[in-house]
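Work through the exercises below with the structure open. Each task is followed by a solution in steps.

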Amino acid sequence: MKSPEFWQGNTACAEGALAAGCRFFGGYPITPSTEVAEHMAVKLPKINGVFVQMEDEIASMAAIIGASWTGVRAMTATSGPGFSLMMENIGYAAMTETPCVIVNIQRGGPSTGQPTMAAQGDMLQCRFGSHGDYSVIALCPATVQEMYELTARAFDLADQYRVPVFLMADEIVGHMRERITVPDRVGQTPRRELEKGVLPFRADTNLVPGFATFGKGYGVHVTGLTHDERGYPCATNPNVHAALVRRLVDKIENARTAIADYDIVNPDAEQVFVAYGAPVRTVQQVLHDRPDGTIGFLRLRTVWPFSEHALRAFSQAKVFFVPELNMGQIAREIERHVKVPVVSLPKLGGDLHTPPELVAALEAHR
Amino acid sequence: MTFEDWFRTDRLPHIYCAGCGNGTIINCTLSAVDQMGWKKDDTVFVSGIGCSSRAPGYIVTDSLHTTHGRALAFATGVKLANPVLNVVVFTGDGDLAAIGGNHFIHSCRRNIDLTVVCMNNQIYGMTGGQGSPTTPMGCLSTTTPYGSAEPPFDLCELAIAAGANYVARWTSYHVKELEKAVKAGLETPGFSFIEAMTQCPTNFGRRNKFKQVADQVEYLKTHALLKAKRDRMIGQGEKVPDDVFVIGELMRRNRPAMGVKV
């Protein structure tokens with residue numbers, strides 16, 4: 001392990017990406033994500049990588065998809081309004097199974113909202129924001145250390161499952177500075193190249209096709225239209241469309257236990273918190289202040305695909321509390337999976353929940 | 001090799017209507033590409049959405065058929081990530097100048113090393129004949145049923161003003177000239193823009209008094225004014241008619257370019 005550093009979350013995100021082998025960044029400046037782009041603008045040209053500031057977030061998303069087809073690891077970083085603009089080409093990446101990483105340092109919305117304040121209001125948008133059915137992977141860091149490690153892991157997941165992977169951070173984690181121990185290396189699982197002679201969109205047993213990198217002689221045709229295993233447009237055959245869309249969803253949803261990343265604290269507790277991102281910090285404080293083991297905590301680092309099996313670890317649970325910097329986006333998901341009450345604890349405006357606010361919720365449901 | 005060697009034969013026949021000019025423009029483009037001696041493995045075709053943008057699907061190289069208007073942004077990613085690749089973009093007037101207008105001017109400004117062939121049929125053909133940013137004033141379409149009331153874009157002037165290194169306009173009638181212009185574009189480092197005026201008998205000609213395919217091609221031929229002649233007319237103080245469009249090589253320069261293979 002290298003010596004400890006004292007970094008901002010957004011810096012750790014960029015460094016994690018570089019360590020994971022990211023060599024292409026296409027982006028557009030937007031608060032509170034800009035430091036990611038600025039750091040990449042400094043670092044990438046020195047290591048034979050490409051930084052390009054595009055004309056908007058639509059183009060940024062397009063550029064990283066184009067770059068990804070040449071075989072490089074590519075990413076962008078943005079926040080709410082830019083994230084909305086990216087939705088069109090996020091759907092294209094899902095349909096064409098293009099590995100890419102999208103960092104969203106969430107701020108208060110809707111619309112321009114609160115550019116400098118934290119929120120978690122895009123958790124459903126990252127899952128469902130583009131049109132049609134598909135599935136994605138979303139990771140949520142709660143520390144600067146995780147900004148580094150989860151960004152790095154996002155690239156491995158993107159390549160492994162050929163899917164857009166989201167780092168759904170928030171302004172608090174993005175802008176706070178804390179100690180981070182930079183690992184000597186992070187895992188770099190390479191993208192599986194297509195075997196010669198195999199159709200470019202024929203999936204293996206994991207439901208993921210090998211990748212036909214541009215410039216290697218595959219002569220692959222990539223289209224956002226519904227396509228057959230050759231990659232050719234086939235937009236009016238119901239069976240081809242149904243099989244393709246089911247595979248795009250199943251390749252992620254069937255792998256949810258492999259993609260899952262969470263901590264379980266006090267599984268025998270009757271009162272259980274579920275949190276991801278910055279609100280994790282407040283829950284940790286509450287647990288620290290009451291070390292009697294009576295409060296359970298499910299800390300999610302992977303939010304999509306949702307780890308509903310992790311909820312079942314809390315077999316004595318009588319109530320789940322879900323503090324979020326939104327109006328209960330993931331609380332609704334949890335309600336689908338448990339039979340006991342789920343108490344959404346929304347916090348809007350940019351501040352974190354305070355420990356007394358969470359304690360008050362515990363007392364109210366005791 | 002000839003241009004025919006570049007076709008993805010198992011995808012033919014194509015979807016273009018009888019009388020469509022797009023096939024002519026694809027042939028001219030592929031002939032130019034073939035004359036460059038490029039390898040198929042090193043060449044990528046990129047497109048957006050529309051009739052023109054179906055072209056890469058019929059070409060045997062790696063090809064990226066993207067979202068509406070965004071072809072240039074995708075192509076920018078491909079080219080910057082791997083400058084060894086030769087990247088050619090097919091687009092149309094709606095794709096390039098309406099929904100993709102912002103990407104167009106910024107690609108010209110960056111002067112990124114792409115060659116862009118725009119099939120300008122002055123209409124949204126694939127969706128059934130709606131007015132586009134290049135539909136001439138007064139022309140009928142399904143969304144301009146009383147005649148277009150909006151002045152159209154001059155795409156070449158736009159490309160020149162925004163910084164493209166090479167700009168030319170020809171038509172589906174001028175096949176030899178078009179092929180040479182595309183080749184000149186392929187040879188020129190930086191952003192090359194070739195506008196090919198073309199007929200759309202199904203959705204433009206039929207509503208605008210071109211009863212036969214040849215009528216619209218004849219119109220393109222008779223209303224195209226060579227740049228040299230236009231310049232001469234202006235020099236001699238003659239009035240340039242209102243209903244003509246200029247053809248020829250309109251710009252060739254050497255501004256600093258991005259994404260050029262070292």
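**Exercise 1: the interface between the chains**

In this predicted model, 29 residues of chain B are in contact with 33 residues of chain A.

Task: state which elements of chain B supply the side that touches chain A, and how its residues divide by class.

Solution.
Step 1. Look for elements of chain B that each supply at least two residues of the side touching chain A: strand S2 (62–65), helix H2 (71–81) and helix H4 (101–110) meet this condition.
Step 2. Rank the contributions. H2(B) provides the largest share of that side, eight residues.
Step 3. Sort the residues of this side of chain B by class, which gives eleven nonpolar, twelve polar and six charged.
Step 4. Check the strands across the interface. Strand S10 (residues 221–223) of chain A is joined to S2(B) by three bridges, and the two run parallel. The bridge partner of A:His221 in S2(B) is B:Ser63.

**Exercise 2: the two domains of chain A**

Task: find where chain A is divided, and describe the side of domain 1 of chain A that touches domain 2 of chain A.

Solution.
Step 1. Set the bounds: chain A is divided into domain 1 (1–259) and domain 2 (262–364).
Step 2. Take the separation. The C-alpha centres of domain 1 and domain 2 of chain A lie 27 Å apart.
Step 3. Count the contact residues: domain 1 of chain A gives 30 residues and domain 2 of chain A gives 21 residues.
Step 4. Assign the residues of the domain 1 side to elements. Those of chain A that each supply at least two residues include strand S6 (114–118), helix H5 (123–128), strand S7 (137–139) and helix H8 (238–253). H5(A) gives the most, with four residues.
Step 5. Sort by class: the domain 1 side has 19 nonpolar, six polar and five charged residues.

**Exercise 3: the nonpolar cores**

Task: identify the residues with the most contacts inside the largest nonpolar core, and the element that gives this core its largest share.

Solution.
Step 1. The largest nonpolar core has 175 residues, and A:Ile137 and B:Val78 have the most contacts inside it.
Step 2. H6(A) gives the largest share of this core, ten residues.
Step 3. Both domain 1 (1–259) and domain 2 (262–364) of chain A contribute at least three residues each to this core.
Step 4. List neighbours of A:Ile137, leaving out residues up to four places away in sequence: among them are A:Leu157, A:Tyr161, A:Val165, A:Ile252, A:Trp304 and A:Pro305.
Step 5. Another core, of five residues, lies apart from the largest one; B:Ile123, B:Tyr124, B:Cys200 and B:Phe204 are among its residues.

**Exercise 4: the overall form of chain A**

Task: explain why chain A is as compact as a globular protein of its length.

Solution.
Step 1. Count the secondary structure of chain A: 13 helices and 16 strands.
Step 2. Compare radii. The radius of gyration of chain A is 20 Å and the globule rule gives 21 Å for 366 residues; the two are close, so chain A is as compact as a globular protein of that length.
Step 3. Add the burial figure: 54% of the 366 residues in chain A are buried.

**Exercise 5: a covered strand in chain B**

Task: decide whether the residues of strand S5 (residues 166–171) of chain B are buried or exposed.

Solution.
Step 1. Six of the six residues of S5(B) are buried.
Step 2. Separate the faces. B:Tyr166, B:Ala168 and B:Trp170 are on one side, B:Val167, B:Arg169 and B:Thr171 on the other, and both faces are covered.
Step 3. Find the pairing: S5(B) and strand S6 (residues 192–197) of chain B pair in the parallel sense over six bridges. B:Val167 has B:Phe193 as its bridge partner in S6(B).

Methods
Residues are numbered from 1 along each chain as its sequence is written. Chains are lettered from A and ligands numbered from 1 in the order in which they are written. This is a predicted model: local features need pLDDT of at least 70, side-chain atom pairs count only at pLDDT 80 or more; totals for chains, interfaces and linings use all residues. Domain bounds come from an automatic or database domain assignment. Two residues are in contact if their C-beta atoms, placed from the backbone, lie within 7 Å. Ala, Val, Leu, Ile, Met, Phe, Trp, Tyr, Cys and Pro count as nonpolar, Asp, Glu, Lys and Arg as charged, and the others, Gly among them, as polar. A nonpolar core is a set of buried Ala, Val, Leu, Ile, Met, Phe, Trp, Tyr and Cys residues joined through C-beta atoms within 7 Å. A residue is buried if 20 or more other C-beta atoms lie within 10 Å of its own, exposed if 12 or fewer, and partly exposed in between; C-beta atoms are placed from the backbone. Two strands pair if DSSP finds at least two bridges between them. The radius of gyration is taken over C-alpha atoms; the globule rule is 2.2 Å times the number of residues to the power 0.38.
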